[in-house]
Amino acid sequence: MLQPHRTLSILDPTSLVGREVTEGIVRAFPDVPRRLFHTGADPEHLIAEVSSGATIVGPLLDPDELDGSIAVILTNSLTAQVSGRLLTWLRANPSVALLDCTQPGVAGAEASCVLDSIPAVRRDLPWYHLVDPSLAAPVRWLRALLPLAPEAFHATLLCPASGFGAEAIDELASQGTARLAGRATRRPAHLPAVLAFDLALAQAERSEALEAQVAELFPAVRPGLHVIDTGVFHGTLATALLRCAGDVPLERARALLRATPGLRLARRNETVSAAEAAARDGVICGDLRVQGPCVTAWLLADGLRVGGGAVVELVSSLTAS
């Protein structure tokens, strides 16, 4: 259990990820001190709604304001200057853990990619990088099926605008308004492309980066991913294929998934949309099929919401170790 005198410092609690993380931390550890900072260029204080109450969020003017933290939780992208100063401070305070929920992360290979627990094999510094929200459902499905001795994992990820932040959601809404009115859309500033009523293939480098995360989490499984950005606000849909060492009984796969907390099998003929997954916990798995050594399914989750819950588990794992 997290000791009441240990402080958690959360950066940018007003971001989309920050809201989920902060609410989860408050519910799980109501008596643990928290410090909330923002890293925006404006030095003014912000107001965050936490547990239906207003909380002041001050600017992080100096990393020394983080003194006394057991962990620093990042929830929004940082400028190169801010991230550099923060990493320098963390290196000088090696007992403080870094829980980085940003993508692609601030510490590169120095941070261990994690799902919802601290890895058994530790690196020199307690720096951890949360898996990308678009992988929240696929990697949990893969982990549940590890007893089937999987050898290769392939998935196509259909990613929402929420993965690029609150500004990207506003931008997608503006794109939709412009297209409905027959006006030209502005050059995207937060989204990778004009996505309103459309889809766009992500750059190969992004798919490769996500493959690297899967490979780090499951080194015995060969990953292959395709990433598609969509004109959807929230909720990630993935189609997944797992190839195992031998033939897989369907009921064995079903039993493993049913026994996995936070994952449910869709009911027969159930129609589920990305919007229905928004702001909900857990992963939905549908159309589970088995053909010889291959297992396929579609998977749906709100990656930001599931990721927020994972941070709570990571904090518990961190303090229990």
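Search the whole structure for aromatic pairs and you get 1 hit. The rule is that rings of Phe, Tyr and Trp (its six-membered ring) pair if their centres lie within 6.5 Å, with planes under 30 degrees apart called stacked, over 60 edge-to-face, and the rest tilted. Here the partners are Trp141 and Phe153, a tilted pair at 6.4 Å centre to centre with 45 degrees between the planes. The pair ties together distant parts of the chain, since Trp141 sits in helix 3 and Phe153 in strand 9 (residues 150-159), 12 residues apart. Both Trp141 and Phe153 are buried, meaning under 20% relative accessible area, where over 50% is exposed and anything in between partly exposed (1.4 Å probe, protein chains only).

Some housekeeping before going on. This is a predicted model, so local features need pLDDT of at least 70 and side-chain atom pairs count only at pLDDT 80 or more, while totals for chains, interfaces and linings use all residues. Residues are numbered from 1 along each chain as its sequence is written, and side-chain values use heavy atoms, with hydrogens and water left out.

Now zoom out. The chain has 8 helices and 15 strands; these are DSSP runs numbered from the N terminus, helices being H or I of at least four residues and strands E of at least two. For 321 residues a compact globule would have a radius of gyration near 20 Å, and the chain agrees with its 20 Å (taken over C-alpha atoms; the globule rule is 2.2 Å times the number of residues to the power 0.38). Buried residues account for 48% of the 321 in the chain. Of the contacts (heavy atoms within 4.5 Å) with a separation of 6 or more, 68% join residues 24 or more positions apart.

Leu300, in strand 15 (residues 294-301), is a nice place to look inside. Leu300 counts as buried because its relative accessible area is 2%. Leaving out residues up to four places away in sequence, Leu300 touches ten others if you follow the full list, including Ala137, Thr236, Val272 and Ile284. Leu300 and Pro138 are 162 residues apart in sequence, yet 8.7 Å apart in space, C-alpha to C-alpha.

What about empty space? On a 1 Å grid over the protein atoms alone, a cavity is a set of points where a 1.4 Å probe fits but cannot get out, and a pocket is an open set with protein on both sides within 12 Å along at least five of seven lines; lining residues have an atom within 4 Å of a point. Points are joined across faces, edges and corners, and a volume is the space filled by probe spheres set on them.

There are 2 cavities of 30 Å³ or more. The largest cavity has about 60 Å³, and helix 8 gives the most to its lining, with 4 residues. That lining has 6 nonpolar, 4 polar and no charged residues (Ala, Val, Leu, Ile, Met, Phe, Trp, Tyr, Cys and Pro are nonpolar, Asp, Glu, Lys and Arg charged, the others, Gly among them, polar). The second largest cavity holds about 40 Å³, and helix 8 again gives the most, with 4 residues.

Helix 8 also leads in the second largest pocket, with 7 lining residues. This pocket offers about 400 Å³ and is lined by 20 residues, with Asp281, Val306, Gly309, Ala310 and Glu313 nearest its centre.
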